[in-house]
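Hi there,

Here is the structure I promised to send over. Have a look at it first, and then read on for what turned up.

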Amino acid sequence: MIHPRKNFKIRQYIASHSILRLTFDFVVVNAVLALLLAFMIGWVVGDARNTVTYFYHIYTELFGKEPRWSLPDQFMYQNIRAFLATLSLLSPSIFLGIIIYKFFVLSRDNIVFRSKTEWSAEEGETFLDIHFYIASSLRLYNLRFDCFLRTYETAYEVEASGRYPMNTIPVPLRADSFYPLPYNYVPSRFRVPMSSPHIQVDSEGLVRIRTAEREIVLNPAQGDFCELYIIARGHVPELQARFNEVKKYRIPEDISAQPLPAMHTRFVRSQSKFFVENWQDFEPQRKRRGFFKQWRSRARNWLYTKQAK
């Protein structure tokens, strides 16, 4: 019952959230901590009526304000004061460390993918088109993509079945998945061949995957699933760093039944800028990114479309 262990959750949380969110969390944690200490002091002192006053003094002290209140000169009370004084020193230092850590951690979502993918065909071969753009203002170098299929078959959940229910299958990509020096803020595309391994979604919703070793038939209605993982990796010369990002598409749920809206890109030489028309279906518009980022994405979409016209 002990495993699995989940390490580095705090660092992962700091790296994956904005400074605004971390500041809000810092304020909330201090408020909760101050409330608990206020209740504890009120109970120890026997003066629960002044809990709100204790909360105010503790809360402001945790943010670095010089304390202007005291407790009786007794052993237990002074231990509480010493503990609170230690927290008041650590709390701003921890927050400053979080902010510094954020500046040294390369932000995620340097690559923004379209929320859906679509089928395409060329010379008798079927593809899944993956659309993306670079959202970072930093120059990226040697951007390349790798692709894997992950499947799960509920029929083999029992160990006695003799077959592992989970499979990871590499999908070879073509030369269009490598960008030596890509453009920022310009939508791009690469294609995932559906021939090796052969991937097919039939009219009944079954996903059929044929490899050199076997054929896998997945029925999502029975709990099976098929996921297409896109791994983006590259270099950031300005930071002398590398980055790796992961995007997951569910098959067939994330395959658009209709062709995705076409995008139009043009370069205005006099301004040395690219203008893109018809931004749609990209991830920043998802609700999980918060109201501000949705509003910013819609405003950017409107501005780019207006400039393109």
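Let me start with Asn30, which sits in helix H2, residues 19-45. Please keep in mind throughout that this is a predicted model. Is Asn30 buried or exposed? Its relative accessible area is 4%, and the cut-off for buried is under 20%, so Asn30 counts as buried. Setting aside neighbours within four places in sequence, the residues in contact with Asn30 are Tyr59, Leu62, Phe63 and Ser91.

The stretch around Asn30 also has a database annotation. An unreviewed UniProt entry gives residues 20-45 and 80-104 as "transmembrane region". In the model, residues 20-45 are 100% helix and 0% strand, and the C-alpha atoms at the two ends of that span are 37 Å apart.

Next, the nonpolar cores. The largest one has 31 residues, and the members that touch the most others are Ile111, Phe145, Val192, Leu228 and Ile230. Which strands supply at least two residues each to this core? They are E1 (111-113), E3 (125-134), E4 (141-152), E7 (188-193), E9, E10, E11 (225-236) and E12 (241-251). Strand E11 gives the most, with five residues.

Ile230 is a good residue to click on if you want to see how this core is put together. Leaving out neighbours within four places in sequence, Ile230 is in contact with Phe113, Ile130, Phe145, Asp146, Cys147, Phe190, Val192, Glu245, Val246, Lys247 and Tyr249. A separate core of 11 residues lies apart from the largest one, and Ala38, Val44, Leu84 and Leu87 are among its members. As background, nonpolar side chains in soluble globular proteins tend to be buried together.

Two of the strands that feed the largest core, E9 and E10, also belong to a small piece of sheet that is easy to pick out. Three strands make up this open, antiparallel sheet, in the order E8-E9-E10. At its edges are E8 (198-201) and E10 (215-218), each pairing on one side only. From one strand to the next, the twist averages 10 degrees. Strand E9, residues 207-210, pairs with E10 through four antiparallel bridges. One residue pair to look for is Val207 with its bridge partner in E10, Leu218.

Finally, a few backbone details. Most residues other than glycine have a negative phi, and most peptide bonds are trans. Where does this model depart from that pattern? Here is what I have:

- Ser196 and Pro197 are joined by a cis peptide bond, with omega about 0 degrees. Pro197 is in the loop between E7 and E8.
- Ile251 and Pro252 are also joined by a cis peptide bond, with omega about 10 degrees. Pro252 is in the loop between E12 and E13 (264-268).
- Glu123, not a glycine, has a positive phi of about 55 degrees. Glu123 is in the loop between E2 (118-122) and E3, and is exposed, with a relative accessible area of 78%.
- Ser272, another residue other than glycine, has a positive phi near 55 degrees. Ser272 is in the loop between E13 and E14 (273-277), and is exposed at a relative accessible area of 53%.

If you open the file with only a few minutes to spare, I would look at Asn30 in H2 and then at Ile230 in the largest core.

Best wishes

Note on methods:
Residues numbered from 1 in each chain as written. Predicted model: local features only at pLDDT ≥ 70, side-chain atom pairs only at ≥ 80, totals over all residues. Heavy atoms only, no water. Pairing = 2+ DSSP bridges. Axes fitted to C-alpha atoms, helices over the stretch in contact; angles between N-to-C directions. UniProt positions renumbered as here; feature names shortened; annotations may be inferred. Core = buried A, V, L, I, M, F, W, Y, C linked by side-chain atoms within 4.5 Å. Buried < 20%, exposed > 50% of the residue type's maximum accessible area, 1.4 Å probe, protein only. Contact = heavy atoms within 4.5 Å.
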